[in-house]
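Colleague: Please take a close look at one part of this model for me, its nonpolar core. I am a first-year student, and I would like each term spelled out.

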Amino acid sequence: MSGLTDLAAWQTLSDQARRFTAEQFQLRRLFDEPQRFQDFSLRQGNLLLDYSKNILDQASLEALLALAEARELPAAIDAMFRGEAINNTEHRPALHVALREPAGSSSHPEVAAALDKMAQFVAAVHSQQWRGFSGKAIKAVVNIGIGGSDLGPAMVTQALKAYGSGHVAVHFVSNVDPVHLRQTLAGLDPETTLFIIASKSFTTLETHQNAAAARRWFLNSAADEAAIAKHFVAISTNLEAATAFGIDPDNLFPMWDWVGGRYSLWSAIGLPIALAIGMDNFRALLAGAHAMDQHFRGAELRQNMPVLMGLLTVWYTGFFNAHSSAVVPYCQPLEQFPSFLQQLYMESLGKRVDRAGNPVDSNTGEVLWGTVGTNGQHSYFQLLHQGREFIPVDFIATARAGVDEAGEAHRHLLSNCLSQSLALMQGTPDEQDPHKQLPGNKPSNTLLLDELNPHNLGSLIALYEHKVYVQSVIWGINAFDQWGVELGKQLSKSLFSALDDDNNSAGLDGSSAGLIQQIRQWDTS
């Protein structure tokens, strides 16, 4: 495949972009066309994408679609669903879509078996047939993981709290800082607490440390190590290490190499989700994701929601010098959604070489950030409106409130969401006071759900997963490896040795050696 910026489609887009960067351009004037909203919005199930407030017209849209064809995007989409080894640096497929195929239609029977095992386990805990070492029922579940083994399940569990089963309270521990575990365990009863250790290798440093600390905490009450089997289960491929920890092999749930951590909440990594909201709701989450999968695979490019969103990001990073974007859910249950997307985006797209190992010739990836609205309006929205940075925004809202009596308050929430996207678009170009001038021409998408439920949330997450893949195909990078996180892990081992024993500081750089010296001085004073 030729270089991205050498393509005729890329040159056409460059010409198109110059029309919109002219000083006289006004985004709001695009709405002089009465069909603007109808032509630049798209509905899939109960999710509506309004992309009409983007710096985009029919000519530039056609040029973006031509770029997608030139980069063979339809073939790349098909390759992922067929299970080709699209993760070329690790020589394996990326088949997270197989995790949410309907029962009976999956070509991966091990997925159906894992879901059945999860269902049996959840039923046993909820029915109180599963009991702790003292005969008491489980009341609290603590998931110990990090990265994809924490961010996805924690986000979904919080987002769907209204669908909680009421049987158990689910907590999440990820940070190796012992304060995180200590605060989580405060007030919990070892006799009624169940731990889930989520680690593919069962050796991840942070998870291993927290699991060992949780084990010690538990054994302070249950002196017999045999009791561990009633209070610890694991999601891992390392049977030997899990068994040595004390986990019953029957309570080991599978993981597969063809599912990356940031795409794994649909697998047994989602066990805490199922325990929190029930297996029926977990399956509804899978069904929503599968509906978006079918749309992504089957819809033509110009009517394909993930494709359009991905192409817009390519457009802005490539021709408008955009280096970040914001995701702002006007929905409090989605508070952790931007944090979840940070891993999905930046671990997938933070690459400087293409799939062949050659330096990329365009911007790739972006810094993704955001918080829930309306909080953000009173902090960083000032920069969005009057700062010099070009920062596209995704607004997310629900038409129906999640609280029965919240009608008026929810209308205020929605009016704030809609007003912010409008203000970003139109600005106040005629304002005479320069301090009060807002330039406008700031693009945004609005994603509107009818309500936040398991099915819709599944669709929303899958939408962003596929958007990431679209961007990776256009940029020619591998979205499914993450070699950039490995060096820090390796260096931490030598730095730990230096912190543990001053004699191991030889060979360190001056900064690290100086910091360690000060740490040791303060720590022993």
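Modeller: What follows starts with the core, moves on to a pair of helices, and ends with a single residue.

This is a predicted model, in which local features need pLDDT of at least 70 and side-chain atom pairs count only at pLDDT 80 or more, while totals for chains, interfaces and linings use all residues. Residues are numbered from 1 along each chain as its sequence is written, and side-chain values use heavy atoms, with hydrogens and water left out.

A nonpolar core is a set of buried Ala, Val, Leu, Ile, Met, Phe, Trp, Tyr and Cys residues joined through side-chain atoms within 4.5 Å. Buried means under 20% relative accessible area, exposed over 50%, and partly exposed in between, using a 1.4 Å probe and protein chains only. The largest such core here has 126 residues, and Leu-271, Trp-315, Phe-337, Leu-457 and Tyr-464 have the most contacts inside it. Helix H16, residues 454-475, supplies the largest share of this core, 12 residues. Helices (H or I, at least four residues) and strands (E, at least two) are DSSP runs, numbered from the N terminus. A second core of 24 residues is separate, and includes Phe-202, Phe-218, Phe-232 and Leu-252.

Contact means heavy atoms within 4.5 Å. Leaving out residues up to four places away in sequence, Trp-315 touches Leu-13, Gln-16, Ala-17, Phe-20, Ile-55, Leu-56, Ser-60, Leu-64 and Phe-320.

Now the helix pair. H13 (residues 337-349) packs with H16 at an angle of about 20°, and their axes are 10 Å apart. Axes are lines fitted to C-alpha atoms, for helices over the stretch in contact, and angles run from 0 to 180 degrees between N-to-C directions. H13 is therefore roughly parallel to H16, as angles under 35 degrees count as roughly parallel, over 145 as roughly antiparallel, 65 to 115 as roughly perpendicular and the rest as oblique. Residues of H13 including Phe-337, Phe-340 and Leu-341 meet residues of H16, among them Leu-460, Ile-461 and Tyr-464.

Last, Ser-267, which lies in the loop between strand S7 (252-253) and helix H10 (271-277). Its relative accessible area is 7%, so Ser-267 is buried. Apart from neighbours within four places in sequence, Ser-267 is in contact with Leu-99, Met-118, Trp-256 and Phe-282. Ile-235 is 32 residues from Ser-267 along the chain, and their C-alpha atoms are separated by 9.6 Å.
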